[in-house]
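Trainee: I would like a close look at a single part of this model. Please take one residue and work outward from there.

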Amino acid sequence: MKSEHWKICAIQMDVAIGEPERNRMQVMNKIRSAMEQEDKPDVIILPEMWNTGYALERIHELADEQGEQTIRLLSALAAQYQVNIIGGSVAVREQDRIYNRVYVLDRQGLIAKTYDKTHLFRLMDEHHYLSAGAALGHFTLDGVSCGVIICYDLRFPELSRTLALQGVEVLFVPAQWPHPRLHHWQTLLTARSIENQMYVVACNRTGSSRGADGKETSFFGSSVILDPWGETLAGAGEEEAFVQAHIQLSLVEEVRGRIPVFEDRREALYGTVGSHKAIMPS
């Protein structure tokens, strides 16, 4: 049976670069704290690359082999607390390749989806260290059609639109989006929400990290939960925080019915990226 209401909690946190064990302990403690609230969340989301940070020059030694430690931790927590977990993303090693991967766990602790970052950020040399994914992040939790993209993926509107055309109602965006591009972050998230008429849940890291070159990068947090009108339901500043909101999933169909942008698309003019039939009310 499809859920009609969800409480979502985005865990905005600092990440200790190059310290997977410390970060796993932090994630465990924060998820436990989130689930000790009287009004418990139905879905928890973590930020991008929370296990290692962007220690790309050491990523082969730091990455989680086959994702085993991440899966073990998040699966146990999801099953213990009967909560859905969008596992941010972690660096995963498979043979000689490294992936920036999301694990989605359902309330039973089972893997509902894995998604590898599609677009690698050349300005941070990701393409020299990581392998790009080749599949969409579309999945279902509690009967709700969901999608996930990672950080730089946000700059490619066709990716989010393709997920929307497949019926996605809630889009999750784990990220490590740094200063000084706060305006881009806020504008692109709002645009993806309005143009696709869906909830957008974005979880960015906070704090700072220093790379092998000695350069320090700071992150502004600003995690946010947007409704299908692009209105902010909850948001944070630059400090560690739980960003939480209740969402009413029927609002997606209502908004799409009031402004029928998917019905009014003219695919013949700009190409077909999918069928709009999946999102139309039955």
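Which residues does Phe-172 touch, not counting residues up to four places away in sequence?

Mentor: Keep in mind that this is a predicted model. Leaving out residues up to four places away in sequence, Phe-172 touches Trp-6, Ile-8, Val-43, Ile-45, Ile-86 and Phe-139. Its list goes on with Cys-146, Gly-147, Val-148, Ile-149 and Val-201.

Now the core. The largest nonpolar core has 51 residues. Phe-172 is among the members that touch the most others, together with Trp-6, Ile-8, Ile-86, Val-170 and Leu-189. A second core is separate and holds 22 residues, including Leu-73, Leu-74, Ile-85 and Val-92.

Next, the strands. Strand β10 covers residues 170-175. Its partner β11 covers residues 199-204, and the two run parallel over six bridges. One bridge joins Val-173 to Ala-202 in β11. Both strands belong to an open sheet of six, ordered β8-β9-β10-β11-β14-β15. Pairing in this sheet is mixed. The edges are β8 (138-141) and β15 (232-235), each paired on one side only. From one strand to the next, the twist averages 20°.

A helix packs on this sheet: α6, residues 182-196. Helix α6 touches β10, β11 and β14 (224-226). Its direction makes about 155° with that of β11.

Then the aromatic pairs. The model has four of them. In one, the ring centres of Phe-121 and Tyr-152 are 4.8 Å apart. Their planes meet at 55°, so the pair is tilted; edge-to-face would need over 60 degrees. Phe-121 sits in the loop between β7 (111-116) and α4 (126-129). Tyr-152 sits in the loop between β9 (144-148) and α5 (157-165). The pair therefore ties together parts that are 31 residues apart in sequence. Phe-156 joins Phe-121 and Tyr-152 in one aromatic cluster.

Burial separates the two rings of that pair. Phe-121 has 14% relative accessibility and counts as buried, because the limit is under 20%. Tyr-152, at 21%, counts as partly exposed.

Last, a residue on the exposed side. Arg-72 lies in helix α3, residues 68-81. Its relative accessible area is 54%, so Arg-72 is exposed. Gly-109 is 37 residues away from Arg-72 in sequence, yet their C-alpha atoms are 9.2 Å apart in space.

Terms used:
Residues are numbered from 1 along each chain as its sequence is written. This is a predicted model: local features need pLDDT of at least 70, side-chain atom pairs count only at pLDDT 80 or more; totals for chains, interfaces and linings use all residues. Side-chain values use heavy atoms; hydrogens and water are left out. Helices (H or I, at least four residues) and strands (E, at least two) are DSSP runs, numbered from the N terminus. Buried means under 20% relative accessible area, exposed over 50%, partly exposed in between (1.4 Å probe, protein chains only). Two strands pair if DSSP finds at least two bridges between them. Axes are lines fitted to C-alpha atoms, for helices over the stretch in contact, and angles run from 0 to 180 degrees between N-to-C directions. Contact means heavy atoms within 4.5 Å. Rings of Phe, Tyr and Trp (its six-membered ring) pair if their centres lie within 6.5 Å; planes under 30 degrees apart count as stacked, over 60 as edge-to-face and the rest as tilted. A nonpolar core is a set of buried Ala, Val, Leu, Ile, Met, Phe, Trp, Tyr and Cys residues joined through side-chain atoms within 4.5 Å.
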